[in-house]
Amino acid sequence: MRVILLGAPGAGKGTQAQFIMEKYGIPQISTGDMLRAAVKAGTPLGQEAKKVMDAGGLVSDDIIIGLVQERITEPDCANGFLFDGFPRTIPQAQALVDAGITIDAVVELDVDDAEIIERLSGRRVHPASGRVYHLKYNPPKVPGKDDVTGDDLVLRDDDREETVRKRLEIYQQQTRPLVGFYQELARQDAAAAPAYIRVEGLGPMDEIRRRIFEGLDNR
Ligand code: AP5
Ligand code: ZN
């Protein structure tokens with residue numbers, strides 16, 4: 001199965017991706033995690049991406065499309081994959097169509113801005129695995145430590161409030177239009193277009209997980 005997880009910064013894409021990966025046995029492909037790995041490794045791409053990410057902007061479509069196209073040729077993608085944070089512009093979505101990469105479902109997580117600010121200010125992450133915690137809503141078993149490895153958890157550089165506001169603005173301008181893009185695909189050819197599953201993203205994490213599974217199982 002091939003799934004796109006769509007939603008604003010902090011909507012819960014990374015959180016729900018862990019559940020979807022486990023249940024359907026498909027790898028999570030988070031372009032954000034891939035870029036953060038490049039930043040950490042200090043590669044030329046990472047150095048370039050860091051400036052853009054810290055300002056809350058988007059990395060160029062060509063770079064992202066290249067990264068994703070390479071990633072999905074890896075053996076673990078043979079039975080499908082879960083895109084988290086990709087596509088997030090119309091050209092990125094169009095690149096999938098042009099490359100003949102079909103998608104089974106788009107899951108949109110819908111969350112309002114006030115909740116997002118609250119979620120991102122309390123977020124802590126384990127960079128190596130992409131596991132996500134929240135100081136209040138999803139605390140680790142040992143404060144400040146990853147549940148599985150015991151490594152230190154960190155704050156993301158782009159989770160400062162003014163950067164979050166910029167990311168939300170960019171989301172509205174550049175990523176929100178994907179909703180219309182996928183609706184239009186369905187109108188043109190319902191059989192070939194991905195199923196569009198809109199999920200209310202407010203509420204307990206396991207309830208949202210249930211809503212997503214229900215949508216994917218009954219698509
Ligand atoms: P990316 O890493 O994709 O960030 P994002 O889209 O801004 O999304 P987040 O990771 O911030 O949020 P999330 O939806 O995963 O929420 P999470 O589950 O962590 O991208 C980062 C940057 O990289 C971009 O700004 C851009 O510069 C660049 N980039 C990436 N992809 C790109 C692309 N395709 N093109 C161009 N540039 C690209 O949850 C958030 C918090 O809330 C956590 O603390 C969690 O524990 C908590 N939480 C989750 N669910 C709930 C719940 N139900 N109730 C209460 N709390 C909850
Ligand atoms: Zn994420």
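Which loop does Pro87 lie in? Select Pro87 and look to either side: the loop runs between β3 (81–84) and α5 (90–98). Keep in mind that this is a predicted model. While you're there, add Phe86 to the selection, since a cis peptide bond joins Phe86 and Pro87, with omega at about -10°. As a rule, most peptide bonds are trans.

Before moving on, colour by confidence. The mean pLDDT of the protein chain is 95, and 100% of its residues reach 70 or more. The model's scores are ipTM 0.98 and pTM 0.95.

**Stop one: the strands**

Step back from Pro87 into β3. Phe81 and Phe83 sit on one side and Leu82 and Asp84 on the other, and all of these are buried, which leaves both faces of β3 covered. In a regular strand the side chains alternate between the two faces of the sheet.

Next, bring up what lies alongside. Strand β2 (residues 28–30) runs parallel to β3, joined by 3 bridges. To find one pairing by eye, select Ser30 and look across to Asp84, its bridge partner in β3. β1 also runs parallel to β3, this time with 4 bridges; here Ile4 stands opposite Phe83.

Keep Ile4 selected, because what it does next involves another strand: in β4, its bridge partner is Val106. Strand β1 (residues 2–7) pairs with β4 in the parallel sense over 5 bridges.

Now select β4 itself, residues 105–110. How many of its 6 residues are buried? The count is 5, so the strand is mostly covered. Carry on across to strand β7 (residues 195–200), which runs parallel to β4 and is joined to it by 6 bridges. Val107 is a handy marker here, standing opposite Ile197 in β7.

**Stop two: ligand 1**

Select ligand 1 and show its surroundings. The shell holds 34 residues, and the closest are Thr15, Thr31, Gly57, Arg123 and Arg167. By type, the shell divides into 15 nonpolar, 11 polar and 8 charged residues.

Which elements supply at least two residues of that shell each? Colour α1 (13–24), α2 (31–41), α6 (113–121), β6 (131–134) and α9 (205–217) to see them. The largest share, 4 residues, comes from α2.

Turn on distances for the contacts. One oxygen-atom distance to pick out is 2.6 Å, from ligand 1 to an N or O atom in the side chain of Thr15. The side chain of Arg167 also has an N or O atom 2.6 Å from an oxygen atom of the ligand. At Gly12 it's the backbone you want: a polar backbone atom there is 3.0 Å from an oxygen atom of ligand 1. Try a surface, too: taken alone ligand 1 exposes 1100 Å², and the protein buries 97% of that.

**Stop three: two single residues**

Go to Gly14, found in helix α1. Is Gly14 buried or exposed? Its relative accessibility is 17%, so it counts as buried, the cut-off being under 20%. Now measure across to Val132: the two are 118 residues apart along the chain, yet their C-alpha atoms are separated by 6.9 Å.

For the last selection, take Glu169 in helix α7 (residues 161–175). Glu169 has a relative accessible area of 42%, so it is partly exposed. Draw a line from its C-alpha to that of Arg219: the pair is 50 residues apart in sequence and 31 Å apart in space.

How values were computed:
Residues numbered from 1 in each chain as written. Chains lettered and ligands numbered in written order. Predicted model: local features only at pLDDT ≥ 70, side-chain atom pairs only at ≥ 80, totals over all residues. Heavy atoms only, no water. Near = heavy atom within 4 Å. Polar contact = N/O pair within 3.5 Å; in protein donor to acceptor, adjacent residues only side chain to side chain. Areas by Shrake-Rupley, 256 points an atom, 1.4 Å probe, with all protein chains shown as cover. Nonpolar A, V, L, I, M, F, W, Y, C, P; charged D, E, K, R; others polar. pLDDT = per-residue confidence, 0-100. Buried < 20%, exposed > 50% of the residue type's maximum accessible area, 1.4 Å probe, protein only. Pairing = 2+ DSSP bridges.
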